[in-house]
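Here are a few exercises to work through with the model open on your screen. Try each task before you read its solution.

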Amino acid sequence: MSEPPTPSAVPFASLRLVPKDDARQSAADFRSDQEVRWCPGCGDYAVLAAVQSFLPELGLRRENIVFISGIGCSSRFPYYMNTYGMHSIHGRAPAIATGLAVSRPDLSVWVVTGDGDSLSIGGNHLIHALRRNVNLKILLFNNRIYGLTKGQYSPTSETGKITKSTPMGSLDTPFNPVSLALGAEATFVARTIDSDRKHLQSVLRAAAAHPGTALVEIYQNCNIFNDGAFGILKDPDTRGDFTVRLEHGMPIRFGADSSKGLVRAADACLQIVNVADVGEEQLLVHDAHADNPELAFALSRLADTTTLAHTPIGVFRDVVRPVYDDMMADQLDRALAEKGSGDLAALLAGGDTWTIS
C-alpha cells in the first residue's frame with residue numbers, strides 16, 4: 001500500500017474542504033496498490049467499489065480518513081484503501097476505533113466488520129460503541145455465514161440453517177442487526193444491499209453526514225458458502241414485491257406499482273395492506289428523525305427472518321444526540337480549568353490504595 005502523507009492536525013469540522021493541492025479526487029485516488037483478493041463474484045467487491053467512488057464527495061484529505069477492521073473476509077478492506085487503516089483483532093474493531101476517534105477528532109474513522117466479527121465475539125464492543133454515540137461510521141457486512149473459516153453458521157444465520165457446524169440445522173434464533181442497534185440506542189441505523197450501488201451510496205452519504213455513531217447493515221452475498229441468501233431482494237422478478245424502500249417523510253409503499261402499503265393494526269403491529277382498499281392517507285409516513293424509535297423498531301421486525309420477504313431498506317433512524325467525543329473533550333477541559341494540571345503519581349497512590357508489608 002502506498003504511504004499516505006502525514007496527517008494534518010486540523011479539527012475535523014474544518015476538514016470538509018477542498019482536497020490537498022485543490023486537486024479533485026476520484027475513486028482511483030482511494031485505491032491502494034494491493035491486489036484485491038476475495039473470491040470471484042463476492043459481494044465485497046461491489047461494496048469496495050461503491051465506497052471508493054463515494055469518498056471523494058466528502059472532500060477530505062486521504063490522510064484524515066481511517067478504516068479499521070476486525071477479522072473476516074470483509075476485514076481485508078483496509079488493505080485496499082489508500083487511506084490510513086488497521087486490520088485489528090477479532091471483534092475489537094469498535095473498541096480500537098473508539099480510542100482513535102476520541103483522541104484524534106481530526107480523523108474520519110470508519111469500521112468495517114462482518115456479522116460474525118461484530119455480533120459474536122465482538123457483540124459487546126458493538127453495542128457499547130452504539131450507546132455511547134462515538135463519532136464512528138460502522139459498515140456491517142452481513143452474509144449470514146462465516147465465510148473466512150469456510151461456511152459455519154453465524155449469529156445472523158436463519159434457524160434451521162444447515163452448515164458444516166450445524167449438520168442437523170441451527171437451533172439458534174438469529175440476531176436482527178437493525179433491531180439490535182436500535183435497542184442499544186443507536187442514533188443512526190440503516191440497511192442497504194451490496195448490488196444496489198445507487199442505494200448503497202445514498203445511505204453512505206447519510207451516514208457520513210451524521211454526527212455520532214452510524215451503523216449501516218449491508219446485505220452482502222457470499223457466493224461460495226451462502227449463495228443466493230438475499231435472492232428474493234435481488235431478483236428483478238421479486239425484489240419490487242418484497243423490498244420496502246424507506247424514505248423520510250414519505251408514505252411507506254412498495255410492491256408492483258406501489259400497490260402495497262403499511263398501516264398500524266389493532267395490536268399496534270405493522271400490517272401490510274392494499275393501498276386501494278384503505279387509501280394512501282391511512283398509510284404510515286416514515287419519520288427517520290422521530291425521537292421515539294418505536295416505528296423504526298417495528299419496521300426492523302417486519303421482514304420474515306427466514307425468507308426475508310418484506311424487508312425494509314434505507315435509513316430507519318437518524319436523530320441527533322450529544323456525541324461522546326465532544327462530551328469527553330468538554331469534560332477534560334472543565335477538569336483542567338477547575339483543577340489545573342494533574343499529578344499522575346498522586347492519583348495512582350491516592351486514598352483507595354494501601355501498602356501490604
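**Exercise 1. Find which residue in S6 is the bridge partner of Ile138.**

Step 1: Look across from Ile138 into S6, and you land on Leu215 as its bridge partner. Strands here are DSSP runs of E with at least two residues, helices are runs of H or I with at least four, and both are numbered from the N terminus.

Step 2: Zoom out to the strands. S4 (residues 137–142) and S6 (residues 214–219) pair in the parallel sense over six bridges; two strands count as paired if DSSP finds at least two bridges between them.

Before going on, a word on the source: this is a predicted model, numbered from 1 along each chain as its sequence is written. Local features need pLDDT of at least 70, side-chain atom pairs count only at pLDDT 80 or more, totals for chains, interfaces and linings use all residues, and side-chain values use heavy atoms, leaving out hydrogens and water.

**Exercise 2. Work out which strand S6 runs parallel to through Thr192, and where S6 sits in the sheet.**

Step 1: Thr192 stands opposite Ile218 in S6. Six bridges join S5 (residues 188–193) to S6, and the two run parallel.

Step 2: Now read the whole sheet. Eight strands form an open sheet in the order S2-S1-S3-S4-S6-S5-S11-S7, with mixed pairing. At the edges are S2 (84–87) and S7 (243–245), each pairing on one side only.

**Exercise 3. Decide whether the residues of S6 are buried or exposed.**

Step 1: Set the cut-offs: buried is under 20% relative accessible area, exposed is over 50%, and partly exposed lies in between (1.4 Å probe, protein chains only).

Step 2: Check both faces. Ala214, Val216 and Ile218 point one way, Leu215, Glu217 and Tyr219 the other, and all are buried.

Step 3: Six of the six residues of S6 are buried, so S6 is largely enclosed by the rest of the structure.

**Exercise 4. Find what covers the buried residues of H1.**

Step 1: Pick them out in H1 (residues 44–54): Asp44, Val47, Leu48, Ala50, Val51, Gln52 and Phe54 are buried.

Step 2: Look for contacts, meaning heavy atoms within 4.5 Å. The cover includes S1, S3, S4, H6 and S6.

Step 3: H1 lies across S1 (65–69), S3 (108–114), S4 and S6, running at about 160 degrees to S4. Axes are lines fitted to C-alpha atoms, for helices over the stretch in contact, and angles run from 0 to 180 degrees between N-to-C directions.

**Exercise 5. Compare the surroundings of Asn226 and Ala206.**

Step 1: Asn226 lies in the loop between S6 and H7 (231–234). With a relative accessible area of 7%, Asn226 is buried. Not counting residues up to four places away in sequence, Asn226 touches Asn143, Arg144, Ile145, Lys161 and Asn221.

Step 2: Ala206 is in H6 (residues 197–209) and, at 23% relative accessibility, counts as partly exposed. Beyond four places in sequence, Ala206 touches Phe188 and Val315.

Step 3: Check one long-range pair: Ala206 and Asp318 are 112 residues apart in sequence, yet 8.6 Å apart in space, C-alpha to C-alpha.
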